[in-house]
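Reader: Could you take me through one part of this model up close? I'd like to see how the chains meet, and then whatever else helps me place that part.

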Amino acid sequence: MPDLVTLTVDDVKVTVPAGTLVVDAAKAAGIEIPIFCSHPKLDPLGACRMCLVEFVGPRGSKLDTACTVRVSEGMTVRTSTEQVKAVREANLGFILINHPLDCPICDKGGECPLQDQTMAYGAGVSQFVEAKRQKQKHYPISDLILLDQERCILCWRCIRYLDEWEDKPQIGLFERGGETVIDTFPGQPVDAATSGNIIDICPVGALTNRVSRFRFRPWELKKTPSVCTLCPVGCNLRLDERVHELRRIVARENLAVNDEWLCDKGRFLHQYVDHPERLRTPLVRDAAGEALRPATWDEALHRVIEKLGDIADTNGANALGGIASARVSNEAAYLFQKFFRALVGANNIDFADGSAVKAQPTGLSAIADIAKSDLIVLVGFDPSEAAPVLDLHIKRAARRAGAKLLVINPRRIALAKYPGAYLPVLPGGEAWDLNGLATALQAARAANQAGSKPAPAPTGKAKLETKVAVMAELRPAYDLLAAAKAPLFIYGPDAARGQLGKLAVTALSNLAVALGFGDRLAYVGAEANSQGARDMGLLSDTLPGHQPVTDAAVRERLGKLWGVQPPAEPGQSYAAMAAGGVKALYVMGANPAATVAGAEALHKLDFLVVQDLFLTETAQLADVVLPATSFAEADGTYTNLERRVQRGPQGIKPAGESQADWAILAALAEKWLASQTVDTGEVSKAIEQPDWKKKRRKIKAGPAPKPWNYPTAQAVLDEIGKAVPPYASLRWDALGEAGVQWSTSALVRAPRRVEPVDVAPIAAAPAGSFTLVSGPLLWDNGPLMPYGAEQVRKLTPTPFVALNPADLTMAALAEGRQVTVTSAYGNVTLTLKADASVQPGTAWVPANLAGAPAETLGAVRGEPVSVAVKLV
Amino acid sequence: MTTWQPVLLANVNRPNSEKITTYLAHGGYEALRKTLKMSPDQVIAEVKASGLRGRGGAGFPTGAKWGFIPKDAPVKYLAVNTDEGEPGTFKDRLIVERDPHAILEGVIIASYAVGAHRAFVYIRGEFFLGVKRWIKAIADAYQYGFLGKNILESGFDLDVSLHRGAGAYICGEETAMIESLEGKRGEPRLKPPYPAQAGIWGQPTVVQNCETLVNIPHIIGRGAAWFASIGTEQSRGPKIFCVSGHVNRPGNYELPLGTPLREIIYEHAGGVRMGRSVKAVIPGGASTPFLTADKLDVPMAFETLAAAGSALGTGAVVVMDETTDMVEVARRVMSFYVHESCGRCVPCRLGGHNMLHELDIIASGQGKRANLARLEALTRGIPGITFCPLGTGMCEPVASGLKLFRSEFEERVS
Amino acid sequence: MSYVNEVFRGAVAIAQAFGVTLKALLSSPLTVEYPEQPAAVYPRFRARHELRRYENGLERCIGCMLCEAACPTGAIHVEAAENDPEHPTSPGERYAKVYDVNLMRCVFCGDCETACPVEAVVLGHDFELAVYNRAGLLLQKEQLLNPKAPNVVVRAE
């Protein structure tokens, strides 16, 4: 508990923690002090002099800046004396000397602090008549941001944000005195992954959004608080709608999640919502070889249940499977698995990185814990590319809280530059290193415990030096771990796939347990709702609430809720289904046909339904395509990487006839239920019914599924509360704008035991070839990127393979050349790049590039893949 | 006429004065030997007892400043401010070029007193000869064992390095100088923390003006009592006065503090040129207010000049005779400040710009009464609200010009 | 006596009454032969909207949407876009890509005119707004830029 200080601001007594700035204390007292350069999230600067207030002291009153002075006991502050008013008026006058009055065409106009403060505190008339200074106007400082130097009032907020939070000081001050301007360095545009935040914090219209440029005026917008669904951080944002188009996204404060920041992908990738290529009506294919044609919902849904029913009748329920994505809401994920488990009667449900990955069910204990950790261990996880706002938090912890970073990754990721250690591994080799560390730490712990009994133990490390043999290359990592008092372990899908991944996760969990921090081990998935999809049981072997399908008690409980019990045997995994393990496939938001091999497997299916926003490669092969809504067009909840369930309400009208994922599933289930009848042996009478209802599937007598009745997303969440134990206490109304973290107490799963790991080191690729390394890239060619604004699309690189510069020299290859990369699974033609972050002997091909090169080469199979690189 | 045998400038007129041999031949580094036998606390006590106040302009008691340095800090720094930029000031340049070892000895003693093992010399970029002499002096000192490891077998280590400025007046402000030393844009820092708590790279730092440091060996060598016996009640010791402007013999004059201004002008600097009379004097560099001819008997000391409505500043006496156009003086001084404003805070960056604009109009004879009124409003509005004293300093000459020579301004406007 | 008096008064009254008629007979008629002849309106008369141009042909409107904000009936819809620096539509960075006026909603209050910072939108003198088709009352930018008779006086505020 920090010490409290009481001070008086304009006769209001207010008590705040010691160290608070006067400007914040005044805010707490309900008194606004105008500010430009000061920002609650940035270090004090004291440049604009707008917040000058009178401090009354024993030697009379003196003016000082409220944004730099910290409170002290008994301080008396006056914010509305004549002197203060005169200073504010003068200051605004000075600022407006050079600030152009082009408010009518300025995107900030209407939400501009300078406008507001001039109205509130300005003189009303200008004293100065001379010509304004001419500087560079509206020129790009990056693909996403425009700078207008004339409008800039030199508050340094952008400079400080990029320095203090991003650690990329890419905007600087140039010239001196009255000629001072802000600018980027020559030839170096701003490329920070969260650069868009400088637009939000700019107190004037100097920095503006290129994607939304001139597409809105603040007062015309309908503003809906929502959450981002592009990565698992779940940043809070605001949807700004005008005439049924999503015109802009800005960050929304949620101190527990994103502070008040948003990454550039979340901010600028939104034009897909209004994209003309969005699916607006259902499409059906009448016969193989024919083109897809628009259809009504009734017809399309009828076609789906008819075909699925037929295939289930002839080949059994296990011939049906469902592939979903972890981008969809909890409601959609829950209904998707319920559709298959309760109605179809199969456990064939999965998503990419679903059952193939051994995930920790509880996620991060809290994002806020990052700042409280002294060691952050990142295994196969690159926050800079996968979750930029998490990256901000980690950088902040490293730079401000002195946290060390232990990076275990095949590539020297950007965060590896911070104090700590970088441990290069080959893909799949994480288990060997982690096991080595875990074993050494266990041994050290045992030695310490033994040693501490007879006499007070010497500090752990001195003891360890003698008793524990650690491989030399693991020594820096070992020392960090041994010294850590509050470590946090985060791993990503790249280290956790397949059999080797399972070993790696076990070894990592052993490591965490050996240090006594088994509860601070977290898995962070690739897609936004990875945590929610797992909670909802969108997995072939796991029921809602992280319960295995083999658990009879859980099946019985769900049976009571659903009317029928889910099947007992685990279903097929994503890979098995995508390889053609089923006859009919229902794909919701996924794109298994992105690779040539994947598309070929889908060709063999008898029936394919795709529910998506766009006509993806998979949807092009489908027999029925159902148009779904984006996150902005439908209500739903999403669970982020710290188990925070957050609501994303509908912010704009859905495109065409598209419907929410959960609503489509609910309608489908309704038809499914109506289309079947219990076989009583009687011939059913033909009554007046639509055609599709006349033909009813006969099912065996037995427990019947309960009817589906979900008028709203809220109704689905209410049922989720009954099906998923940790969600039992969640109430729709209580989610509010900040969301609610579900409690792990309903799900005690933190590993406590050390499981032995039997692991061998991974062999490097044979001479002349390279080990394939893949992983996320922020500006990849992910499912929505091709439909973003032009400025955003430009950020996606042409598909490339990067090698270490030394390897490039050895192999006599030149950067920029076209090369053919061949693995046992396929070959692709890529542009060659040199990249020092790529370790020697490895070849880096990011995931989700155009044409899916990494996936084609077999990067996501969870096993080491060696590739040959040859000039075309 | 005060007769004063120069102490600080004793060496400057000797042949080869910059050489270490010359310095050693005239008792150089003796004070250092004496210091190394004392404890750091004794050195600080001695300096405190001497009553020495900083010669860089603000006049902060030097001993007290050293006392603020936390004793337990692992790393401490000393920074020497040779960024002599105040218009009318040229004393440091003379010492740096003619007697760099006098400063260096002060640097070593001061570092010993505060426990710094690293000293940085920040020198004005335009002092080309000064830079050369400093480098040579440092190299020689290393060779003679006055710098480096285990100085004179005392166990005290000190390294000194030199950093050239890039031409910014603001870098004479101690925190801006520290920023510049660190390789950043020369702009003042937010205070607190003061350099004594967190200076160069966040470590406790003592920043001292060159001339201040030259006093240190003499205080140690001759004793605090000797030093305290010179000067007035609150201004002890000798001071170098840089006399320039309309005098017959401009130059650096070392005299005890408290010497009357009239004596400096008429007896040491040879009087006003062509026998004219004095119209105004800037007693302490361009950011101090003017003194008029009736104030010439004021003793040049911190407290007496403050009472006379001005300040001792750097002791740069700029004399202006009866033919001087005070509007033009104000305009020229203002244009200097506007050029040197760092651009950080609004009132200085834009307010200064505006003052110059009004002065330009008034000086050109196109001005109206409204221009004068606005100018006056600005001189009242800017001081006290700027980030650093530069903004306040820039208003002083105009404000005092308006106060003392108002008629000249009024004649120009219609 | 009183009878004569009454007759005399009556004659005077009749003469006075006919005097008005006679005067009117001699003056030119007030009736305007509208629509054969144009109907004159006062300079400050407010009718159909017009979008003005500068003398060099550039559009005045900068698409700031202040008229849309000022409109009490929501009759105006503006969408802005960035000028092509090579072929600008209006001076500066921004122009109106879409400018729609719904005359069915408009109450001709003139607030759009007052709000306009560049005197681009004005209410003209063309009051002949009758159309056979409702769609004819939805004016688009092209129609607004090319009024029948651009004779607008910019009113002082």
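Author: Sure, let's start with the contacts between chains, keeping in mind that this is a predicted model. Two pairs of chains touch, and the pair with the most contacts is A and B. On that interface, chain A puts in 24 residues and chain B puts in 23. If you want a landmark on the chain A side, go to helix α2, residues 82-98: with seven residues, α2 of chain A gives the most to the side that touches chain B. Sort the residues on that side of chain A by character and you get 13 nonpolar, eight polar and three charged.

Now swing over to where chain A meets chain C. Here eight residues of chain A are in contact with 14 residues of chain C. The chain A side of this contact splits into four nonpolar residues, one polar and three charged. As for chains B and C, they don't touch each other, and their nearest C-alpha atoms sit 26 Å apart.

Since chain B is the partner in the contact with the most contacts, it's worth a look by itself. Chain B has 17 helices and nine strands. Its radius of gyration is 22 Å, and the globule rule also gives 22 Å for 414 residues, so chain B is as compact as a globular protein of that length. Measured out along the principal axes, the C-alpha trace of chain B spans about 75 × 45 × 35 Å. Of the 414 residues in chain B, 59% are buried. And if you take the contacts in chain B with a separation of 6 or more, 70% of them join residues 24 or more positions apart.

One last stop, back in chain A, for a bit of strand pairing. Find strand β33, residues 770-773 of chain A, which pairs with strand β38, residues 866-871 of chain A, in the antiparallel sense over two bridges. Strand β33 of chain A also pairs with strand β37, residues 842-844 of chain A, this time in the parallel sense and over three bridges. A good residue to click on is A:Thr771: opposite it in β38 of chain A stands A:Ser866, while its bridge partner in β37 of chain A is A:Thr842. As you look along the strands, remember that in a regular strand the side chains alternate between the two faces of the sheet.

Key. Residues are numbered from 1 along each chain as its sequence is written. Chains are lettered from A and ligands numbered from 1 in the order in which they are written. This is a predicted model: local features need pLDDT of at least 70, side-chain atom pairs count only at pLDDT 80 or more; totals for chains, interfaces and linings use all residues. Two residues are in contact if their C-beta atoms, placed from the backbone, lie within 7 Å. Ala, Val, Leu, Ile, Met, Phe, Trp, Tyr, Cys and Pro count as nonpolar, Asp, Glu, Lys and Arg as charged, and the others, Gly among them, as polar. Two strands pair if DSSP finds at least two bridges between them. Helices (H or I, at least four residues) and strands (E, at least two) are DSSP runs, numbered from the N terminus. The radius of gyration is taken over C-alpha atoms; the globule rule is 2.2 Å times the number of residues to the power 0.38. A residue is buried if 20 or more other C-beta atoms lie within 10 Å of its own, exposed if 12 or fewer, and partly exposed in between; C-beta atoms are placed from the backbone.
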